[in-house]
Amino acid sequence: MSNIKWLWGYLKKYKWLYGAGLLLLAIFSVLSLYVPQILGRLVDDVIMAENTDLLKPLLLSLIAATLFRTSLSYMHSYLQEKASQNVIHDIRTNTYERLNKQDFPFFDKNRTGDIMARMTGDMDAVRHLLAHVIPQLLKGIVTLIFAIWMMLEINVVFALCIFALSPVTCLITGKFAKVILPTLQESRHQFSRLNTAVQENVSGHRVVKAFANEDFEIHKFDKENEAFKEKNLNISKMWEKYLPPLDFMVNLVFFVILLVGGYFVSKASITVGELVIFQGLAHRFNMPMRMIGWLTSDFQRFNASSSKIQELMYAEPKIKNVGIRLNDLDIKGKVEFKDVSFAYRQNVVLDNLNFVIEPGQTAAFIGATGSGKSTIMNLILRFYETDEGLILIDRINIKNIDLKTLRDKVSIAMQDIFLFTDTIKGNISYGVPDASFDDIVKVAQIAEADEFIQEFPEGYDTIIGERGVGLSGGQRQRIALARTLLKDPDILILDDTTSSLDIETEFKIQKALQKLNRKRTTLLITHRISSVMKADQIFVMDRGRIVERGTHNDLLKKKGLYYDVYMNQMGDFNQSSDTKEVI
Ligand SMILES: Nc1ncnc2c1ncn2[C@@H]1O[C@H](COP(=O)(O)OP(=O)(O)OP(=O)(O)O)[C@@H](O)[C@H]1O
Ligand SMILES: [Mg+2]
């Protein structure tokens, strides 16, 4: 879709507002050309004719024209700004909505910084086109047409002498815009690199301090800062190079006006007043010539930015939501994998998985780090799409279930916890915003979070910082668990949710979960044998495959990988008790 056509799609709604702004601007531009006319008449009819009768009306019309122009200028700026702000508001809202529809593979591919740049800098380039470039272009065209016409009316030869100089001015500004555009872009890129450096330093300040790497960070920033200074110096060097020839051209035009105009006045071909008008018109005629290069470069910037925004808006999510909305889908909770294989791009992570988890069962996944446990859960929630095989919930292919329904029925406490800058209450009720306070407290109690929350002076109204700063790792895990439990899902997934908790607290949570009347399918990922011993089924994963399966006792009897891990962990336990005794 062409960029202008795309923009028109949004501008259409405000076309009268924007059009009215442009109309007022056109009137303003024509009116500006009448000021030299009045000045010319002042010279001819008042000063040269030594007739003061016309002085008052001419001065009054000059004041009236100036006042009228000022109010027109205010009104057209207001209307244009209002229309362009509205357009950008709509584009921003739309882009944000589309962004929220994007899937995991999209966020794997696009860096946060790039997305942020599109939502801010690129949006501004589009606004700039509407609020500045198009109005300036219109003003330039109207001024050019009327100035040329008025100059030709006074004296054709004189006008042609001035026109002859304009291609040179155009050429210089065009060349200037061409060379300065990449330099300006480099400076903008460097500015975003500088921003990223600061942003990373601030968000990663704990790591920086932990490694006592402040000097390294300062050095890294210095490098970016120095580069930014250089880029900006380059821009001023270009100004220094191109401003003198441009100034020379302005002076040359005035020199030609005086020379040729003086000659015509001496020959009585034009009056002194007409020479004054000419001088005023030539000045206004020159402006669009000087602007043309800038406007072209601004237009190029708009083109690049709007393409980037559209890329973001129209990126087709790989996960298609073609399922039926089954609001009253009564899920029993059977989860089935049939010959499922999956690769993140080329990297095969799951290799031909087959398993069935019956409704109400607790299934535990255990295995080395990177063996694909979290990936299984990502597939059940359709964060990624399977390459081969079928995933069924209650014998329904999950691709046929509406995404919202699926994610309402299956709820996950993720391994990588993210908490919002909000109150604890707000964070727990994130998935169920209209939950009652009693329900919030109830799930917090199950997650063993109520006690520490109550200890905060502001209890559940305590605001937690960015990503949960102000809480310990275990506290964050328990809030995340409460958040997941509040959704009361039919299938509950706990991905390493209790890894930061001591065994006793973990045990209490497990007991509380078992005590709930609700019989739900639970998928548990953990590295601790003690947490999986009671599971109905245990799957041992190794490099994307299930290498052992069964209950705790079955697996111990096999004396395979599970047995080794068990012995290792129990060995550690025995060792630590030995140490205790020694101490
Ligand atoms: N978004 C991703 N893009 C590309 N590769 C990924 C992505 N997420 C995970 N992987 C890779 O897939 C493999 C399996 O990762 P997964 O997170 O499923 O492991 P895991 O068993 O949950 O490990 P852990 O116990 O450390 O949580 C790893 O090799 C990992 O590098
Ligand atoms: Mg994992």
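The dialogue below covers Val-335, the magnesium site and ligand 1 in a predicted model.

Residues are numbered from 1 along each chain, and chains are lettered from A and ligands numbered from 1 as written. In this predicted model, local features need pLDDT of at least 70, side-chain atom pairs count only at pLDDT 80 or more, totals for chains, interfaces and linings use all residues, and side-chain values use heavy atoms, without hydrogens and water.

Trainee: Why is Val-335 called buried?

Mentor: Buried means under 20% relative accessible area, exposed over 50%, partly exposed in between (1.4 Å probe, protein chains only). Val-335 has 0%, so Val-335 counts as buried.

Trainee: Which residues does Val-335 touch?

Mentor: Among them are Phe-355, Ile-380 and Leu-392, not counting residues up to four places away in sequence. Contact means heavy atoms within 4.5 Å.

Trainee: What makes Ser-374 and Gln-415 donors of the magnesium ion?

Mentor: Donors are N, O and S atoms within 2.8 Å of the metal (3.2 Å for Na, K and Ca). Ser-374 (OG) and Gln-415 (OE1) lie 2.0 to 2.2 Å from the ion, ligand 2. Water is not among the atoms, so sites may look incomplete.

Trainee: Why is Gln-415 called partly exposed?

Mentor: Gln-415 has a relative accessible area of 44%, which falls in the partly exposed range. Ser-374, at 22%, is partly exposed too.

Trainee: What makes the Tyr-384 pair with ligand 1 a polar contact?

Mentor: A polar contact is a pair of N or O atoms within 3.5 Å; within protein, one must be able to donate a hydrogen and the other to accept it, and residues adjacent in sequence count only if both atoms are side-chain atoms. A polar side-chain atom of Tyr-384 lies 3.3 Å from a nitrogen atom of ligand 1.
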